[in-house]
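Visitor: I would like to learn how to read a few features of this model. Please take me through them one at a time.

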Amino acid sequence: MRVALFIPCYVDAFFPEVGIATLELLERLGIEVAYPLDQTCCGQPMANSGCEKDAAATEALFVRNFTGFDYVVGPSGSCVHHVRDHLTAIDQTPEVIAVRARTYELVEFLHDIVKVRDFPWAEFPHSVGLHIGCSTLRALKTAKMSEIAGAAFSKPLQLLSTVRGIRFVTPDRPDECCGFGGTFSVFEEPVSAKMGHDKVTDHHNAGAEYIVSPDMSCLMHQKGCAERLGLPVKFIHIAQILNGDRG
Amino acid sequence: MKPIDHAEASSKFIEAKDHLDFHDRRLWDLRKKRDRETESLPEWEELRALASAIKEHTLTHLADYLEQFEANAIRNGAIVHWARDAAEHNQTVCEILGSHGARTLVKAKSMLTDECDMRPFLETRGIEVIETDLGERIQQLDDEPPSHIVVPAVHKLRTDVAAVFSRTLGTDPGNSDVHYLAESQRQTTRPHFLEAEAGMTGANFAIAETGSIVVCTNEGNADLSVHLPKLYIASVGIEKLLPRIEHLGVFVRMLSRNALGSPITQITSHFRAPRPGTEMHIVLVDNGRSERLGMADFWYSLKCIRCGACMNTCPVYRRSGGLSYGATYSGPIGVIIDPTFNLRKYSALPFASTLNGSCTNVCPVKINIHEQIYKWRQVIAERQQLPFVKKEAMQIAGKVLSSPKLYRAAVEAAGAGAEYLPRFMLYNRLNPWGRQREVPEAPAATFRQWYVKNRGKR
């Protein structure tokens, strides 16, 4: 199995520890991982702003970087959602179609493809609130959505539940959007910040020491909100916990 | 024309903390009640699929069903009018009223008449229009449009209503008891019902097979509006058609459950034929619907049954209020319909969304709302309606992110830090991000730098 590591631009620039944890975790599981050095971004910021044309060259670069692998795995659901569902600014050649189909978000890759159910090295003796980003939840369908009736399931929760010492808390509105939304966070700043403040307050009131998520962009926004409010909540990516980070 | 500035309007809404908190809580409560109702029906998802299929079928055979509806309505004794746009609708209503010498009109809630701006049109022609739905009446008395398509005054606290009623109906300004306020509206509306020369309703559904209009209400005001005066006018958007009466059951089971979390509305009225000695007029209104039906990416929005569930669940709507959209239709369904009326004026609305997709999940007729929001953004950018700063930022981002060299120069620049990075990463000045949030700190090295150092070049 040839796996390419996709580290989104904002993780590369702001959260290298998340990239490192993702790489180390995959290696720990015996997977051979390559990191194409010319990667930048998937094109989502431009496309989500309506500027698909401005995303075309970035999307083409993405496909060039990740062609020829069995899987492309990244620790960010919204970027994977873009690749899978919206990478349409360029011609849909067989290479493009193949890369799009083979791109996975880390949790679904671990859960569905590698089928890992146990992380014996992982221990996290803290109470955590789980935040699943909206793209990961409602586009990649990684867990049961509150709007749709049916049996409960959650791939991130299933992976985390094997971690020793971890305790889960449930906020009032577990899958309400936190208000990041990419460029929404700056162009609709009043609502975005209010949503973020409400989200971290909800987790804090539920007793969360940490908010854990497969989506670092949501956490970047939430962390900024919690710090401004002075709430003692900490933030950690799911890859870090599964890789053995004890907080 | 200046585009509606949703961000600016939302900022004012958020400043009024009591109102904001109530608004968010009240609508979230409707969403939770809706969840309970839908979960109690094991066939809910089946109903959604069926409702979607019925609407899709009807819309793709709309001309046939409209003609069938017209023929059956005429057979029932109704008089059917066709209105190409809002102006024709208003003129038609005015002429019908004029031919009966009617100067007073009691009406039930109708988003269509708001869409057509009918009330001011009639009022300037000397016709008194009385809204009889409680929420809509509050909004009329306060000279505001409805802020929600099902609960028009949901952005008001009861103390606000007390102030409006004391000013306009002469109630006790210090008494904001909801029963007192509702009873005051009831008592002051009653004489209008008895004296009105004409009554009007919208339509939740129009059945082609029977030529009848179906109206779902909780207050009984539609029935009083129809049954007391000698003239009844129904304004009906052409997308309200259902082929057969048997299809109605699917929608009646869903509408109130999804809208308010109640199993059914108090009253479901079928208006089919005029009573002896009275007239029933039906105005079938296009007003852009045919054009929308021809839009490959957006015609699905015509399936909407106006339940308002997408608004109740929308975290942006709940925190900005319906009036912040500056349009008849607000919230998720609004932002995909409004640009069809005026692309420039409503060009910012599709950006008043995080694309979280909750709206799509609650939609009873499976409109792909958040995907249409995404599509509208592309249309707005293509037609040069993006604000300059955003357009510019995206062009620069597109150039930098498509070049490994430029990208690395940007993120690895020595001492770039928070001064430079968020501006580049977040595509705007530092200010909006940092106003109510801390800016992320740039680490000593990027992931790529760490990788090259620790894993070596491939």
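Visitor: Which residues of α12(A) are buried?

Guide: This is a predicted model. In α12(A), the buried residues are Met216(A), Ser217(A), Cys218(A), Leu219(A), Met220(A), His221(A), Gln222(A), Lys223(A), Gly224(A), Cys225(A) and Ala226(A). That makes 11 of 14 residues, and the helix is mostly covered.

Visitor: How does the distance between the end C-alpha atoms of α12(A) agree with its number of residues?

Guide: An α-helix has 3.6 residues a turn, so residues three or four places apart point the same way. Helix α12 of chain A runs over residues 216-229, and because each residue should add 1.5 Å, a span of 20 Å is expected; the end C-alpha atoms are 19 Å apart, which agrees. Just after α12(A) comes Gly230(A), with a positive phi of about 75 degrees.

Visitor: Which elements do the buried residues of α5(A) pack against?

Guide: First the helix itself. Helix α5 of chain A, residues 77-86, is mostly covered, with eight of its 10 residues buried. Among them are Gly77(A), Cys79(A), Val80(A), Val83(A) and three histidines, His81(A), His82(A) and His86(A). The buried residues of α5(A) pack against α3, β3, α6, β4, α8 and α12 of chain A.

Visitor: How many residues of chain A are in contact with chain B?

Guide: The size of an interface is often given as the accessible area lost when the parts come together. Here it is described by contacts: 60 residues of chain A are in contact with 60 residues of chain B. On the chain A side, the elements giving two or more residues are α1, α2, α3, α4, α8, α10, α11 and α12 of chain A. The largest share, seven residues, comes from α11(A). By residue class, the side of chain A that touches chain B has 34 nonpolar, 14 polar and 12 charged residues.

Visitor: What is in chain B?

Guide: Chain B has 23 helices and 10 strands. Its C-alpha atoms fill a box of roughly 90 × 55 × 45 Å along the principal axes. Of the 458 residues in chain B, 50% are buried. Among contacts in chain B with a separation of 6 or more, 74% join residues 24 or more positions apart.

Visitor: Which domains is chain B divided into?

Guide: Chain B is divided into domain 1 (1-34 + 294-385), domain 2 (41-287) and domain 3 (388-455). The C-alpha centres of domain 1 and domain 2 of chain B lie 22 Å apart. Between these two domains of chain B, 28 residues of domain 1 are in contact with 27 residues of domain 2. On the domain 1 side, α2 and α14 of chain B each supply at least two residues. The largest share of that side, nine residues, comes from α2(B). The residues of the domain 1 side divide into 14 nonpolar, seven polar and seven charged.

Visitor: Which strands stand at the edges of the six-stranded sheet in chain B?

Guide: Strands of a sheet pair through backbone hydrogen bonds, either parallel or antiparallel. In chain B, an open sheet of six strands has the order β1-β10-β7-β4-β2-β3, with parallel pairing. β1 and β3 of chain B stand at the edges with a single partner strand each, so one side of each has no neighbour in the sheet. From one strand to the next, the twist averages 20 degrees.

Visitor: How many bridges join β2 and β4 of chain B?

Guide: β2 (residues 104-107) and β4 (residues 198-201) of chain B pair in the parallel sense over three bridges. One bridge partner in β4(B) is Met200(B), opposite Lys107(B).

Note on methods:
Residues numbered from 1 in each chain as written. Chains lettered and ligands numbered in written order. Predicted model: local features only at pLDDT ≥ 70, side-chain atom pairs only at ≥ 80, totals over all residues. Helix = DSSP H or I, 4+ residues; strand = E, 2+ residues; numbered from the N terminus. Expected span 1.5 Å × (residues − 1). Buried ≥ 20, exposed ≤ 12 C-beta atoms within 10 Å, placed from the backbone. Contact = placed C-beta atoms within 7 Å. Nonpolar A, V, L, I, M, F, W, Y, C, P; charged D, E, K, R; others polar. Domains from an automatic or database assignment. Pairing = 2+ DSSP bridges. Axes fitted to C-alpha atoms, helices over the stretch in contact; angles between N-to-C directions.
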